[in-house]
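Subject: Structure handover

Hello,

Here is the structure I promised to pass on. Please open it and keep it beside this email as you read.

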Amino acid sequence: MSSAAANASPDPVHPFFTKRQNTENTPEGSFQWLKPLGPTGSCLHGINLQPKASSKVAALDLDGTVIQADFGSKTAKGQRPTWAWWRSSIPDKMKELHEAGYAIVLVSNQAVKPAALSTWKEKIPLIGQALSQVPFRILAATQKDRYRKPMPGMWYEIERIFKEETVEIDKANSFFVGDAAGRQYTKGKGDFASTDRKWAQNIDLPFFTPEEYFLKLPPHQNFSMPGFHPSSLPQLPLLMPTSSPIIPAQHKQETVLFVGYPCLGKSTLFRRHFLPEGYVHINQDTLKTRDKCVKALQEALDEGKSCVIDNTNRNAVTRKPYIDACKARNIPIRCFIFTGSAELAWHNNLYRAYNIPPSAAAKEPTRALLPFIAFSGFRENYEEPLLTEGFSEMKKVNWVFEGTEEERKRWSMWLQIDGK
C-alpha cells in the first residue's frame, strides 16, 4: 500500500462480529463458490448474485484496493473474519460501475497457508452480503502457477467465461485497479510489489491505482518494476561467429556438444538444423544417466553417424567423457555455448509451462515447469568451455525468439510466480 493510503485514517471495521456458523459447504446470502478452475483446481472461482458478461470489464484487486489489506492479522476462534472497505465510498463506486454496464471481476493472489486461505474465503460471502445489489465474479490464485499475477492465467479464464456467453471484451473500454503498482516515495514506504501494474501491461488493460481511480488523485509517476523482461535483451545474431555455418559445407562425421541452461532452445536448434541432416540426438532427459548417454555416443560413432549431445554439460568433468569418446575415434567435436542468462532461461521455463498459446502447445510435447534448482545448480557449477578441453571449434548461440506474433506476444510478457 502506498504511503498516501497508509497515512489516511482507516474506515471502521465492517460490523460482522457475530458467532460464525458452519458455512463451509453452504453459501451465505447472495454469494457462492463455484468449482475451482485450472488443471489442479488452484484458481478459486465464485460469484455474487448472477453476474452477466459485458464487453466492458472493471477488474479490481481485492486486498488493498476494495478492502483494506490485513496481512498477518488473525481471527479469533469462533468469530467471523473482520474486514473493512478500503474507503467508505467503495460500495457506492461498485454500484455505479454495475449500473454503468460494467462486468465487475475481482482478481486476487492468495498463495497463503491453508488456515489463512480458509479465513480469507470466509470473508468473501460477507463482502457479497454488503454488496447485495452488485453482481460480481471473483477469481483467486492459490498457488504459484499460471494464475498468480502477473501471470495472465486468470484473465484467460475471464475471456473464456465471457466467450461462453458470446461476449468479446473491449479492452479499450475496460480497466484494472490494483495497489501493487511499484510506487516509490522519497519519504515513506513504497508499494510492496509491482505485480498489479505488470498484470495490466500483460493483458493490455488501462491501469489505475486505488488512489487514482477511487480518489481521483493524479497518477504517481515514480514507480519501479523489478525483475526480468524480454525487452531488456540485446538484438544479436543466432550464432557467433557468423563466418562458419551451423552444418559444415563439407559434411564429415562429427559430434556437437551443447552447453547452457535448460530452456534456452537447445532441443529446438537440434530439430531445426541437425535432425534434417541425420544427426543422432543424445539427451539425458530421455536416457536418464550420463553413462547411458556416453554409451549411446560411442555406439553411434562406431556406426559412422554424427551426434549432438543435448545436455546442459555444465563443467569440464561433465564434458570430458564425450570428448574422450571422440578422441579415441579421431572424430572432431565442436562446442555450442548457449549464452542466455539464468533469468532468461527461467522466463522461458515459465512461458513454455504456463503461457504458450494453445495453438503452439498442440504441436509440442507438454512441458512441466522445471524446478528452480535446475537453474541455480547449473549456475553454481558452471565452468566456461575452453578449446583446450579438446574442441575443434567453439560457437556461441544467442537467444533469438522464433514464433508467430501470438507466441511472441505471450513470450514478451512479465512472467513470474514469485518476487516483486
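Below is what turned up, taken feature by feature.

One caution before the details: this is a predicted model.

**The sheet**

Start with the strands. Seven of them form an open sheet. Their order is E1-E2-E5-E4-E3-E6-E7, and the pairing is mixed. Strands of a sheet pair through backbone hydrogen bonds, either parallel or antiparallel. Which strands stand at the edges? They are E1 (31-33) and E7 (207-208). Each has a single partner strand, so one side of each is left without a neighbour in the sheet.

Now look at one pair inside the sheet order. Strand E3 covers residues 57-60, and strand E4 covers residues 103-109. The two run parallel and are joined by four bridges. To find one of these contacts on screen, pick Ala58; its bridge partner in E4 is Ile104.

A helix lies across part of this sheet. Helix H3 (residues 114-130) crosses E1, E2 (43-48), E4 and E5 (136-141). H3 runs at about 150° to E1.

**The nonpolar cores**

The largest nonpolar core has 35 residues. Phe258, Phe274 and Phe336 have the most contacts inside this core. Several elements each supply at least two of its residues: strand E9 (255-259), helix H7 (266-274), E12, helix H11 (342-355) and helix H13 (373-381). The largest share comes from H11, with eight residues.

Click on Phe336 to see how it sits among its neighbours. Leaving aside residues up to four places away in sequence, Phe336 touches Leu239, Ile246, Val256, Leu257, Phe258, Val259, Leu269, Phe274, Lys395 and Val397. Apart from this core lies another, of 29 residues. Among its members are Trp83, Leu106, Ile127 and Val177.

**Salt bridges**

How many salt bridges does the model hold? The count comes to 18. Three are worth a look.

Take Glu164 and Arg160. They form a salt bridge, and their closest N and O atoms are 2.9 Å apart. Both lie in helix H4 (residues 153-164). They are four residues apart there, so about one helical turn separates them. Glu164 is exposed, at 58% relative accessibility. Arg160 is partly exposed, at 36%.

Next, Arg329 and Asp302. Here the closest N and O atoms of the salt bridge are 2.7 Å apart. This pair links distant parts of the chain, 27 residues apart. Arg329 is in the loop between helix H10 (316-328) and strand E12 (333-338), while Asp302 is in helix H9 (residues 290-302). Is each partner buried or exposed? Arg329 counts as partly exposed, at 27% relative accessibility. Asp302 is exposed, because its relative accessible area of 56% is over the 50% cut-off.

Then comes Arg367 with Glu364. Their side chains meet in a salt bridge at 3.9 Å, N to O. The cut-off is 4 Å, so this pair still counts. Arg367 is partly exposed, at 23% relative accessible area. Glu364 is partly exposed too, at 34%.

Some salt bridges share partners. In this way Glu254, Arg334, Glu393 and Lys395 are joined into one network. Lys395 also appears in the list of residues that Phe336 touches.

**Backbone details**

Two cis peptide bonds can be checked by hand. One joins Lys149 and Pro150, with omega about 10°. Pro150 is found in the loop between E5 and H4. Another runs from Met240 to Pro241, with omega near -5°. Pro241 has its place in the loop between strand E8 (239-240) and E9.

Two residues other than glycine have a positive phi and deserve a look. For Cys263, phi is near 70°. Cys263 is in the loop between E9 and H7. Its relative accessible area is 8%, under the 20% cut-off, so Cys263 is buried. For Lys288, phi is near 85°. Lys288 is in the loop between helix H8 (284-287) and H9. Unlike Cys263, which is buried, Lys288 is exposed, with a relative accessible area of 60%.

That is the handover.

Best wishes

Conventions
Residues numbered from 1 in each chain as written. Predicted model: local features only at pLDDT ≥ 70, side-chain atom pairs only at ≥ 80, totals over all residues. Heavy atoms only, no water. Buried < 20%, exposed > 50% of the residue type's maximum accessible area, 1.4 Å probe, protein only. Pairing = 2+ DSSP bridges. Contact = heavy atoms within 4.5 Å. Axes fitted to C-alpha atoms, helices over the stretch in contact; angles between N-to-C directions. Core = buried A, V, L, I, M, F, W, Y, C linked by side-chain atoms within 4.5 Å.
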